[in-house]
Amino acid sequence: MIENIISQYNLIPHPEGGYYKETYRSEEMIPSAGLPARYSGARNCSTAIYFLLLKNLFSAFHRIKSDECWHFYEGDSLHVHVLHTNGSYELIRLGKNREIGEVYQAIVPAEAWFASETVGEYSFVGCTVAPGFDFQDFELAEADSLKLTYPDRQELISRLCR
């Protein structure tokens, strides 16, 4: 099943962990003058990817400069751990089990640190970013620095940083 997903969707390893494939990058651009100062230049209006996370793998804490919308497709539930810029923590449970509070779609706000892990064998999800994703806007967390900002989450940070 998992090998079929990887081959069918031409997924490749992602730097933060897991596998991905960009499925959409808008042709239209937002000029830098129309973006907040945190962006270094023009960005595509939107981008989208497939993302596959397997058991015993994780997507390490990282942040981007845009909002990211997560979509659940199939497999086991996915936990997205969010460390908000105001210091608060949020656990987003993506999945099909609505009766226990899982959701099919959720937003990670711009500049929040976040990491994810499957609660089973695999989670197949999608991510849509607007303004569009650019690796210039991607930052992997350094565990020691993140622990200083979020001292109540040291175990989580240690477990989900590279």
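Tutor: Let's start with a term: two strands pair if DSSP finds at least two bridges between them, where strands are DSSP runs (E) of at least two residues, numbered from the N terminus. This is a predicted model, in which local features need pLDDT of at least 70 and side-chain atom pairs count only at 80 or more, while totals for chains, interfaces and linings use all residues. Residues are numbered from 1 along each chain as its sequence is written, and side-chain values use heavy atoms, leaving out hydrogens and water.

Student: OK, how many bridges join E7 to E10?

Tutor: These two strands run antiparallel. You can spot Trp-70 standing opposite Ala-106 in E10. As for the bridges joining E7 to E10, there are four.

Student: Which are the edge strands of that open sheet?

Tutor: Follow the six strands in the order E1-E2-E5-E12-E7-E10, with antiparallel pairing. An edge strand here pairs on one side only. That gives you E1 (12-13) and E10 (105-108).

Student: And E6, is it largely enclosed or exposed?

Tutor: E6 covers residues 59-63 and pairs antiparallel with E11 (residues 113-118) over two bridges, with Ser-59 opposite Ser-116. E6 also has two antiparallel bridges to E13 (residues 139-140), where Glu-139 is the partner of Arg-63. Four of the five E6 residues are buried (under 20% relative accessible area, 1.4 Å probe, protein chains only), so E6 is largely enclosed.

Student: Which residues lie nearest the centre of the largest pocket?

Tutor: A pocket is an open set of points on a 1 Å grid over the protein atoms alone where a 1.4 Å probe fits, with protein on both sides within 12 Å along at least five of seven lines; lining residues have an atom within 4 Å of a point. The largest pocket has 18 of them, and the strands giving two or more are E2 (19-25), E5 (47-54), E7 (67-75) and E12 (122-130). The lining divides into eleven nonpolar, three polar and four charged residues. Nearest the centre are His-14, Glu-16, Ile-49, Glu-68 and Phe-133.

Student: Last one: how far is Cys-69 from the nearest cysteine sulfur?

Tutor: A disulfide needs two cysteine sulfur atoms within 2.5 Å, and the whole structure has zero disulfides. For Cys-69, the nearest cysteine sulfur is that of Cys-127, at 8.4 Å.

Student: Is Cys-69 itself buried or exposed?

Tutor: Its relative accessibility is 14%. That is why Cys-69 counts as buried.

Note on methods:
Nonpolar A, V, L, I, M, F, W, Y, C, P; charged D, E, K, R; others polar. Buried < 20%, exposed > 50% of the residue type's maximum accessible area, 1.4 Å probe, protein only.
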